[in-house]
Amino acid sequence: RCGTGGYSADRLPTMVGGHAVPEDPQLRTASERAVWAALRAQLNPDEILLASVRFSDPRNGDVEADFIVLMPDLGAAVVEVKGGEVRYADGEWVTANGDYARRIHPVEQARRAKHALRRYLDRQPEWHGPLLRTEWLLAVPMMEVEGDLGPEARRDLLIDRSDLPTIMDRVRAAVGDAASRDPLPQGDWAETALTLLLRQVDDGPGYEREVRPAARGWRRWAGL
């Protein structure tokens, strides 16, 4: 049985915290819209959610992060979204929707996006901190997961349909667990990261209308 735990883009609460860039992204799938709505609704006032951030990575070429969450007190999260029924068997990932099934590589995509984000920030002259503390998560909002999906996708890095009402708790916990591995940059690192990432956000329709005003609005809200 498929579903999205009650979250949909058209049911987003009118009073939410944090800031989204852009505020109303043109997302391709119902799965992405469900995850976006859940993340957006649960942001803390100082947290930032970005959609469809694309990188030209020196190691992996063109890389896209479905969602990036910047949390000033914790670090960053990269969330990869896959729809349908996702399975891991015989060393391969497959997503199925009815009679149609195809091979996918969600953990590899999520991991590449994580490292593309870290490398991109690190090579910018405006970035003066260490590699940004970042964790990846895989969202499968059309299904429920009981345990790990294969040796790479631990359950605590997975977001299923039942997790949507508490999705940001899971995101914060995953990034918090990385605290012992990576230090957090000092100062207003989130503001710097946002400024640098706006150079990378998909500049499709509505970019000048939505993205840049949203960034300015977040800075005013945060008193920056």
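Here are three short exercises on one sheet and one of its residues, each with a worked solution.

Please keep in mind that this is a predicted model, where local features need pLDDT of at least 70, side-chain atom pairs count only at pLDDT 80 or more, and totals for chains, interfaces and linings use all residues. Residues are numbered from 1 along each chain as its sequence is written, and side-chain values use heavy atoms, with hydrogens and water left out.

**Exercise 1. Work out the strand order of the open sheet, and find which strands stand at its edges.**

Step 1: Start with the terms. Strands are DSSP runs of E with at least two residues, numbered from the N terminus, and two strands pair if DSSP finds at least two bridges between them.

Step 2: Read across the sheet. Its six strands follow the order β1-β2-β3-β4-β8-β9, and the pairing is mixed.

Step 3: Look at the ends. β1 (19–21) and β9 each have a single partner strand, so one side of each lacks a neighbour in the sheet.

Step 4: Add the twist. On average, neighbouring strands are turned by 35 degrees against each other, direction ignored; the axes behind this angle are lines fitted to C-alpha atoms, and angles run from 0 to 180 degrees between N-to-C directions.

**Exercise 2. Describe how β3 pairs with β2 and with β4.**

Step 1: Take β2 (residues 48–57). It pairs with β3 in the antiparallel sense over nine bridges, and a hairpin of three residues joins the two.

Step 2: Pick out residue partners. Leu49 has Val69 of β3 as its bridge partner, while Ala51 stands opposite Phe67.

Step 3: Turn to β4 (residues 75–81). Five bridges join it to β3, again antiparallel, with Met71 opposite Gly75. Three residues lie between β3 and β4 in their hairpin.

Step 4: Check the cover. Of the eleven residues in β3 (residues 61–71), eight are buried, meaning under 20% relative accessible area with a 1.4 Å probe, protein chains only.

**Exercise 3. Is Asp160 buried or exposed, and what does its side chain meet?**

Step 1: Locate Asp160. It belongs to strand β9 (residues 158–160).

Step 2: Judge the exposure. Asp160 counts as buried because its relative accessibility is 1%.

Step 3: List the surroundings. Beyond neighbours within four places in sequence, Asp160 is in contact (heavy atoms within 4.5 Å) with residues including Val140, Met143, Glu144 and Arg155.

Step 4: Find the polar partner. The side chains of Asp160 and Arg155 share a polar contact of 3.3 Å; such a contact is a pair of N or O atoms within 3.5 Å, and within protein one must be able to donate a hydrogen and the other to accept it, while residues adjacent in sequence count only if both atoms are side-chain atoms.

Methods
Helix = DSSP H or I, 4+ residues; strand = E, 2+ residues; numbered from the N terminus. Buried < 20%, exposed > 50% of the residue type's maximum accessible area, 1.4 Å probe, protein only.
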